[in-house]
Amino acid sequence: MLEIVKFALGPVMTNAYLIADPQTGEAAVIDPADDGDVIVAEALKRAWRIGNIWLTHAHFDHMAGSAGVADRLSPPPPVALHALDYPLWRLEGGAPLFGLHIDPGPEPTVSLEHGQQLYLGRNLLEVRHAPGHTPGHVIFYCAVASVAFCGDVIFEMGIGRTDLPGGDYDTLIRSIKTQIMTLPDETRLLSGHGPETTVGLERRMNPFL
Ligand SMILES: [Zn+2]
Ligand SMILES: [Zn+2]
């Protein structure tokens with residue numbers, strides 16, 4: 001079983017997800033946006049142990065809470081990111097483009113790759129490379145729980161922006177078609193911003209597809 005707690009944090013209301021196998025208490029944070037302390041407090045309340053930080057991509061709003069999570073845990077959980085987003089990570093996730101500065105937290109030590117399998121207790125999550133919003137964007141798909149954490153690839157009735165450095169519209173559309181629309185219709189899509197949706201809803205209603 002996969003339990004999911006959603007937070008909308010930071011200046012652009014980025015969704016962070018604290019996920020766990022409640023039977024083992026093993027937890028991970030997907031995209032620790034902004035307030036690491038809020039996320040860690042929630043995990044402590046539930047007696048969950050955060051063992052990993054998994055980033056869908058390296059934009060600053062999706063990792064600004066990494067330092068806050070890591071600082072409150074001993075040992076700090078390793079950060080996982082696709083290697084093609086390491087350059088963006090080193091540029092503070094593009095924060096200076098918006099006149100901001102963040103502490104990006106611990107350097108990623110786990111390099112995510114397409115097809116990689118991640119375990120969270122008894123849950124298996126599959127890494128799918130879905131570039132276009134950023135070159136190293138990935139989604140995390142859990143087939144048994146029928147859910148995909150899709151960052152800024154697709155939103156309810158929308159898609160990720162492609163006008164930031166490293167973005168490419170055609171690549172993003174191809175990623176959505178090959179990595180999202182190939183999932184079963186009932187799959188929940190938990191995006192990096194806004195409400196959740198499903199593959200079936202977006203297949204029928206998304207104006208960009
Ligand atoms: Zn982004
Ligand atoms: Zn975002």
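**Exercise 1.** Starting from the donor spacing D-H-x89-D-x40-H of the zinc ion (ligand 2), work out which residues are its protein donors and what geometry they give.

*Solution.* This is a predicted model, in which local features need pLDDT of at least 70 and side-chain atom pairs count only at pLDDT 80 or more. Residues are numbered from 1 along each chain as its sequence is written.

Step 1. The spacing corresponds to Asp-61 (OD), His-62 (NE2), Asp-152 (OD) and His-193 (NE2), which lie 2.1 to 2.7 Å from the zinc ion (ligand 2); donors here are N, O and S atoms within 2.8 Å of the metal (3.2 Å for Na, K and Ca), and water is not among the atoms, so sites may look incomplete.

Step 2. The four donor atoms subtend angles of 84 to 158°, and the arrangement is therefore irregular, since four donors count as tetrahedral only if all angles lie between 85 and 135 degrees, and as square planar if opposite donors are over 155 degrees apart and all others between 65 and 115.

Step 3. Asp-61 lies in helix α2 (residues 60-63) and His-193 in the loop between β13 (188-191) and β14 (197-198), so the pair ties together parts that are 132 residues apart in sequence. Helices (H or I, at least four residues) and strands (E, at least two) are DSSP runs.

**Exercise 2.** Identify which residue coordinates both zinc ions.

*Solution.* Step 1. The zinc ion (ligand 1) is held by His-57 (NE2), His-59 (ND1), His-133 (NE2) and Asp-152 (OD), at 2.1 to 2.3 Å.

Step 2. Asp-152 bridges the zinc ion (ligand 1) and the zinc ion (ligand 2), which are 3.4 Å apart.

How values were computed:
Chains lettered and ligands numbered in written order. Heavy atoms only, no water. Tetrahedral: all angles 85-135°; square planar, octahedral: opposite > 155°, others 65-115°.
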